[in-house]
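Biologist: I would like to go through some of the labels used for this model and ask what each one rests on. Please give the value and the cut-off each time.

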Amino acid sequence: MNRINQKLQEDKKLLSIYFTAGYPGINDTVSIIQDLEKNGVDMIEIGLPFSDPLADGPTIQASSTQALKNGMTTEVLFDQLKDIRKSVNIPLIIMGYFNPMFQYGVEAFCKKCQEIGIDGLIIPDLPVDVYHEKYQTVFEKYGLTNVFLITPQTSDERIRYIDSISNGFIYMVSSASTTGAKVGFGNQQTQYFERIAKMNLDNPQIVGFGISNNQTFTQATQYAKGAIIGSAFVKYVTNESIDSIDKFVKSILN
């Protein structure tokens with residue numbers, strides 16, 4: 001069983017952290033992953049930086065720009081992660097845009113992910129229909145979970161279609177905006193969380209966008225299996241350094 005599915009079966013609310021590979025420093029990738037696991041994070045999304053990140057807010061865009069300047073590429077990331085499974089057990093997901101994957105070769109990319117122990121991919125700009133028709137068999141061949149995003153604007157019909165071709169969790173985007181930390185969720189978002197929960201989908205949902213502290217983590221996980229924190233974590237390592245990751249994780253979970 002894929003590590004993601006094993007983790008989803010645990011009787012707890014899951015904390016997933018996103019960070020940009022190669023940021024703040026080109027060689028920080030592995031130590032950040034190890035520190036996050038050591039401090040109780042359940043799942044990690046490794047951001048593969050891209051020059052035109054459509055869904056990312058200013059914080060993650062800036063980190064991607066810096067990571068690219070630092071020299072991060074698909075090849076560099078794969079090289080950094082080649083021994084990651086000697087020290088890390090939790091699910092690892094690469095989140096990025098389709099262009100670098102396409103340039104690398106979709107099958108070659110998936111094969112490399114399997115070799116180094118990547119469990120899944122999140123590709124916001126790969127349309128569900130295109131994935132289903134052209135790439136699903138490739139992903140499945142290499143044991144990779146593809147995670148799809150839904151938003152408050154996604155129709156019930158579309159959500160059920162996404163649910164039918166998913167085999168892990170659904171990334172529930174909290175609002176129709178780019179990534180970024182928020183103070184709290186309003187009625188509109190809470191109603192959206194409730195509406196999706198009542199659909200009784202086959203795949204659990206994990207909420208992303210706007211989770212930044214214990215309050216928003218608790219609000220989001222009231223209706224979902226877990227929550228993803230990206231911008232708030234990237235901002236934290238920008239301001240504080242990567243040596244105090246434990247304080248950040250504690251602030252979310254306690």
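Biologist: Why is the contact of E107 with K141 called a salt bridge?

Modeller: The model is predicted, and in it the closest N and O atoms of E107 and K141 are 2.7 Å apart. The cut-off is 4 Å between a side-chain nitrogen of Lys or Arg and a carboxyl oxygen of Asp or Glu, so the pair counts as a salt bridge. E107 belongs to helix α6 (residues 106–116) and K141 to helix α7 (residues 128–141), so the bridge ties together parts 34 residues apart in sequence.

Biologist: What makes K141 exposed, and what is E107 called?

Modeller: K141 has 53% relative accessibility, and exposed means over 50%, so the label fits. E107 has 34%, which lies between the limits of 20% and 50%, so E107 counts as partly exposed.

Biologist: How do you know that D79 and K82 form a salt bridge?

Modeller: Their side chains meet at 3.5 Å, N to O. That value is within 4 Å, so the definition is met. D79 has a relative accessible area of 46% and K82 has 48% relative accessibility. Both values are under 50% and over 20%, so both residues are partly exposed.

Biologist: What makes D42 and K7 a salt bridge, and are these residues buried or exposed?

Modeller: Their closest N and O atoms are 3.6 Å apart, which is within 4 Å, so the pair qualifies. The bridge links distant parts of the chain, with D42 in the loop between α2 (29–38) and β2 (43–47) and K7 in helix α1 (residues 3–8), 35 residues apart. Both D42 and K7 are buried, which means that each has under 20% relative accessible area.

Biologist: How many salt bridges does the structure hold?

Modeller: There are 14.

Biologist: On to the sheet. How do you know that β1 and β9 pair?

Modeller: Four bridges join β1 (residues 14–20) to β9 (residues 226–229). Pairing needs at least two bridges, so these strands pair. They run parallel, and L15 stands opposite A227 in β9.

Biologist: Why are β5 and β6 said to stand at the edges?

Modeller: The sheet is open and has nine strands, in the order β5-β4-β3-β2-β1-β9-β8-β7-β6. Each of β5 (145–147) and β6 (149–150) has a single partner strand, so one side of each is left without a neighbour in the sheet.

Definitions and conventions: Residues numbered from 1 in each chain as written. Predicted model: local features only at pLDDT ≥ 70, side-chain atom pairs only at ≥ 80, totals over all residues. Heavy atoms only, no water. Buried < 20%, exposed > 50% of the residue type's maximum accessible area, 1.4 Å probe, protein only.
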